[in-house]
Amino acid sequence: MKRRRHNHNYCLPNRENKDRLSDLPNCLLLHILSFLNAELVVRTCILSKRWNNLWKFLPILRLGSVKKSDQFMSKILSHRDSSTTLHTLHFHRYVFRKQCQAKQIIKYAVSHNVRDLDIYLKCSFQPFPRSLFTCRTLTSLKLYIFLPPPPRISRRVFFPKFLNLPALTSLSLRSFTFLVGHDGRVEPFSTLNKLNSLIINKCEVLGEKNLCISSATLVNLTIMTSNREPTAFFGFNLSAPNLSTFNFTGLPFQKLCQSNGNLSMVKHLSINVKNCFYLTDGSTPFVLLNWLVELANIKSLTLTSSTLKVLSHAPDLLKSEFSSLCNMESLNVKKESKSPLPDGLVEFLLQNSPSAEPGAPLITNKADIVTK
């Protein structure tokens with residue numbers, strides 16, 4: 001009978017059982033901890049003396065909904081090393097016992113030279129202090145508000161008329177109401193001299209005004225309007241000579257450039273118009289067609305099948321002269337249902353594109369198919 005061999009690897013010398021993680025330099029440990037929620041990071045203080053105060057020097061904080069969160073959030077900020085710059089703050093919270101708590105956390109971030117601020121809040125009050133919109137260190141700002149169900153007239157969260165954010169390059173907003181400025185215009189982004197990327201999601205403009213987006217540095221623009229609240233539709237004027245990518249979901253009901261704005265640099269265009277957006281006066285198809293004329297230099301175009309259906313409502317469209325999209329290299333169609341696409345419309349859009357193979361667009365359900 002053979003004797004069973006025992007694995008004695010557990011009896012390795014002490015040097016092999018060494019805590020290698022704790023031997024890493026603080027900068028690497030802090031980098032690893034930066035991917036965890038703040039509650040988990042603070043728990044590491046029980047591991048050893050080495051970890052006891054390490055979390056206090058974390059440059060990235062991720063604050064979420066935790067048990068007894070009011071007490072926890074106040075303690076983590078009060079015990080954190082005050083000389084350490086707070087590079088990034090992710091603050092995702094859906095229930096507030098005290099409205100002032102959000103303002104206190106944001107003020108703390110601003111006073112500690114925050115650069116990247118990512119905030120998701122469910123509220124019907126103004127949770128943002130004025131100091132946030134005059135922070136000179138901010139480079140990326142994401143403010144997402146989830147408002148209670150309609151009626152929301154008395155629950156609007158207003159976006160400031162004036163910003164002083166000299167370092168800001170990326171801005172993403174959801175569910176804000178834009179106000180008319182002292183000059184009678186709605187132009188909240190004109191002072192952002194380094195803005196590169198802008199996302200406007202389900203916002204609204206108070207009064208019958210157009211949102212003016214004027215920026216010499218803007219490269220990427222995304223606009224999404226609500227498909228449930230027709231009163232939230234708003235017009236916008238673009239003056240962005242360096243705009244390269246434009247993504248739009250909503251209702252196109254006016255020209256993009258009401259003045260002498262130049263959009264010749266736009267190379268990538270994506271449009272998603274739901275059937276529920278179709279206006280009874282029939283203007284939407286013509287406005288949509290006019291957009292394709294205004295953005296004549298695009299190289300790639302992405303449309304949903306519902307967008308093509310809306311466009312097909314333009315009378316005698318296939319008989320009209322269409323000299324646009326001469327530089328287009330690809331047409332991507334996202335098919336949202338099993339219903340067929342309007343006859344001849346894809347070929348109509350491709351007729352002036354020498355790089356596209358005529359009559360051979362391949363389209364599948366919920367997928368991008370590139371025609372070259």
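**Exercise 1. Is R43 buried, partly exposed or exposed, and what is its relative accessible area?**

Solution. Keep in mind that we are working with a predicted model.

- Step 1: Look up the value, which for R43 is a relative accessible area of 52%.
- Step 2: Compare it with the cut-off, since exposed means over 50%.
- Step 3: Conclude that R43 is exposed.

**Exercise 2. Find the salt-bridge partner of R43 and describe how the two residues are placed in the chain.**

Solution. Let's start with the pair itself.

- Step 1: R43 forms a salt bridge with E39, and their closest N and O atoms lie 3.5 Å apart.
- Step 2: The cut-off for a salt bridge is within 4 Å, and the distance here is 3.5 Å.
- Step 3: Both residues belong to helix α2, which covers residues 38–43. Because they are four residues apart in this helix, about one helical turn separates them.
- Step 4: R43 is exposed, while E39 is partly exposed at 25%.

**Exercise 3. How many salt bridges does the structure hold, and which residues pair with R156 and R185?**

Solution. Take the total, then each pair in turn.

- Step 1: There are three salt bridges in the structure. Side chains of opposite charge can pair when their charged atoms come close.
- Step 2: R156 pairs with E204, with 2.7 Å between the closest N and O atoms. This pair links distant parts of the chain, 48 residues apart: R156 sits in the loop between β4 (140–146) and β5 (158–159), and E204 in strand β9 (residues 204–205).
- Step 3: R156 is partly exposed at 24%, whereas E204 is buried at 8%.
- Step 4: R185 meets E187 in a salt bridge, at 3.1 Å from N to O. R185 is partly exposed at 38%, but E187 counts as buried at 19%.

**Exercise 4. How many disulfides does a search of the whole structure find?**

Solution. Recall the bond we are looking for.

- Step 1: A disulfide is a covalent bond between the sulfur atoms of two cysteines.
- Step 2: The search of the whole structure finds zero disulfides.
- Step 3: Now check two cysteines: C45 is partly exposed at 25% relative accessibility, and C135 is buried at 4%.

**Exercise 5. Describe the surroundings of S172.**

Solution. Work from the strand outward.

- Step 1: S172 lies in strand β6, residues 170–174.
- Step 2: S172 is buried, with a relative accessible area of 4%.
- Step 3: Leaving out residues up to four places away in sequence, S172 touches L141, K142, L143, Y144 and I199.
- Step 4: With Y144 there is also a polar contact, side chain to side chain, at 3.1 Å.

How values were computed
Residues numbered from 1 in each chain as written. Predicted model: local features only at pLDDT ≥ 70, side-chain atom pairs only at ≥ 80, totals over all residues. Heavy atoms only, no water. Salt bridge = Lys/Arg side-chain N within 4 Å of Asp/Glu carboxyl O. Buried < 20%, exposed > 50% of the residue type's maximum accessible area, 1.4 Å probe, protein only. Disulfide = S-S within 2.5 Å. Polar contact = N/O pair within 3.5 Å; in protein donor to acceptor, adjacent residues only side chain to side chain. Contact = heavy atoms within 4.5 Å.
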